[in-house]
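Here is a short reading guide for a colleague who is opening this structure afresh. Please keep the sequence and the 3D view at hand while going through the points.

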Amino acid sequence: MFNLDQILSRYNPVTGELAGAKSTERYLADLRGCFANATAYEEALAAGNPLLYRVGSVEPAADEGDLHYGVGCIMPGKIGDEYHLTKGHLHAWRPAAEFYFGLSGEGVMLLEDEATGESRLVPLRPHHAVYVPGRTAHRTMNTGTAPLTYLGVYPARAGHDYGAIAQRNFRCVVVERAGQPVMLARNQL
Ligand code: PAN
Ligand code: ZN
């Protein structure tokens, strides 16, 4: 059932679409409140409402022990100094970990431990895996000039909890400084 070649043969790396999968599209207007620079966000939105990312989700079965997976595709670009990013979430079932595997492009993931607030910035690139432990909020950013594509695999019962992040956002912000992604505390911007 889980065969990377089989998954990728259904995948269109230009549009980010995964044939036969449930597709979720997020446009700039859907990301209100996610970017630190509200002025840059409103200016960008006044100029248009581009697609920022798309996720094709596959849920082969939902029994205990089953896995769900998604292929994400984040378009390149920035809002102010911040890279295009995903909303970010915790898993509704908090112990659920997730395994990310980079497929194309260049990006980073911001990981924030829910209990301690400890934040880490880790690279996400082709042939690079990121293990997101349970109870860890995660957000993905495209730091390159081409679409960033990746595979995310998670327990069937993980679920998505966007509420906590929508309320308080991540403690850290990732911005471009001298051409490189740098993690800064949001309250020190
Ligand atoms: C991923 C994410 C995907 C989009 O499949 O859902 O990167 O990010 P948001 O869901 O935060 O918009 C995943 O982590 N699933 O659990
Ligand atoms: Zn997740």
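1. Let us begin with enclosed space. In this predicted model, there is one cavity of 30 Å³ or more. The largest cavity holds about 30 Å³ of space. Its lining is made by E82, L85, L110, R139, M141, C172, V173, V174 and R186. Two strands, β12 and β14, each supply at least two residues of that lining. The most comes from β14, which gives three residues to the largest cavity.

2. Next, the open space. About 440 Å³ lies in the largest pocket. The lining of this pocket counts 29 residues, and V55, H89, Y154, H160 and Y162 are the ones nearest its centre. Elements giving two or more residues to the lining are β3 (22-27), β4 (51-58), β5 (67-74), β8, β12 and β13 (148-155). Which strand gives the most to the lining of the largest pocket? That is β13, with four residues. Please keep two of the names in mind: H89 and Y162 are among the residues nearest the pocket centre, and both return below.

3. Now the metal. The zinc ion (ligand 2) has four protein donors, namely H89 (NE2), H91 (NE2), E98 (OE) and H138 (NE2), and they lie 2.1 to 2.3 Å from the ion. Along the sequence, the donor residues follow the spacing H-x1-H-x6-E-x39-H. H89 belongs to the loop between β7 (82-83) and β8 (98-104), whereas H138 is in strand β12 (residues 136-142), so this pair ties together parts that are 49 residues apart in sequence.

4. What is the geometry of the zinc site? The site of the zinc ion (ligand 2) is octahedral, with angles of 75 to 173 degrees among its six donor atoms. For six donors, that label asks for opposite donors over 155 degrees apart and all other angles between 65 and 115.

5. A word on how sheltered two of these donors are. Are H89 and H138 buried or exposed? H89 has a relative accessible area of 9%, and for H138 the value is 1%. Buried means under 20%, so H89 is buried and H138 is buried.

6. The loop between β7 and β8 deserves a second visit. Besides H89, that loop holds A92 and W93. A92 is partly exposed, at 49% relative accessibility. W93 is also partly exposed, with a relative accessible area of 30%. Two spacings help to place these residues. The C-alpha atoms of A92 and A158 are separated by 5.9 Å, although their positions lie 66 residues apart along the chain. For W93 and T116, which are 23 residues apart along the chain, the C-alpha separation is 18 Å.

7. Please also look for charges placed over rings. R157 lies over the face of W93, at 3.7 Å from the ring centre. K87 lies over the face of Y162, and here the distance to the ring centre is 5.6 Å. Y162 is the residue met in point 2, one of those nearest the centre of the largest pocket.

8. On rings that pair with rings, the structure holds two aromatic pairs. A pair of aromatic rings is described by the distance of the centres and the angle of the planes. For F35 and Y41 the centres are 6.2 Å apart and the planes stand at 25 degrees, so the pair is stacked. The cut-off behind this is an angle under 30 degrees. Both F35 and Y41 are buried.

9. Finally, two backbone details that are easy to pass over. N169 has a positive phi of about 60 degrees although this residue is not a glycine. N169 sits in the loop between α3 (163-168) and β14 (172-177), and is buried at 8% relative accessibility. A178 has a positive phi as well, of about 50 degrees, and is not a glycine either. A178 is found in the loop between β14 and β15 (180-185). Is A178 buried or exposed? With a relative accessible area of 84%, A178 is exposed, whereas N169 counts as buried.

How values were computed
Residues are numbered from 1 along each chain as its sequence is written. Chains are lettered from A and ligands numbered from 1 in the order in which they are written. This is a predicted model: local features need pLDDT of at least 70, side-chain atom pairs count only at pLDDT 80 or more; totals for chains, interfaces and linings use all residues. Side-chain values use heavy atoms; hydrogens and water are left out. Rings of Phe, Tyr and Trp (its six-membered ring) pair if their centres lie within 6.5 Å; planes under 30 degrees apart count as stacked, over 60 as edge-to-face and the rest as tilted. Buried means under 20% relative accessible area, exposed over 50%, partly exposed in between (1.4 Å probe, protein chains only). A charge sits over a ring if NZ of Lys or CZ of Arg is within 6 Å of the ring centre and within 35 degrees of the ring normal. Donors are N, O and S atoms within 2.8 Å of the metal (3.2 Å for Na, K and Ca); water is not among the atoms, so sites may look incomplete. Four donors count as tetrahedral if all angles lie between 85 and 135 degrees; four count as square planar and six as octahedral if opposite donors are over 155 degrees apart and all others between 65 and 115; anything else is irregular. On a 1 Å grid over the protein atoms alone, a cavity is a set of points where a 1.4 Å probe fits but cannot get out, and a pocket is an open set with protein on both sides within 12 Å along at least five of seven lines; lining residues have an atom within 4 Å of a point. Grid points are joined across faces, edges and corners, and a volume is the space filled by probe spheres set on the points.
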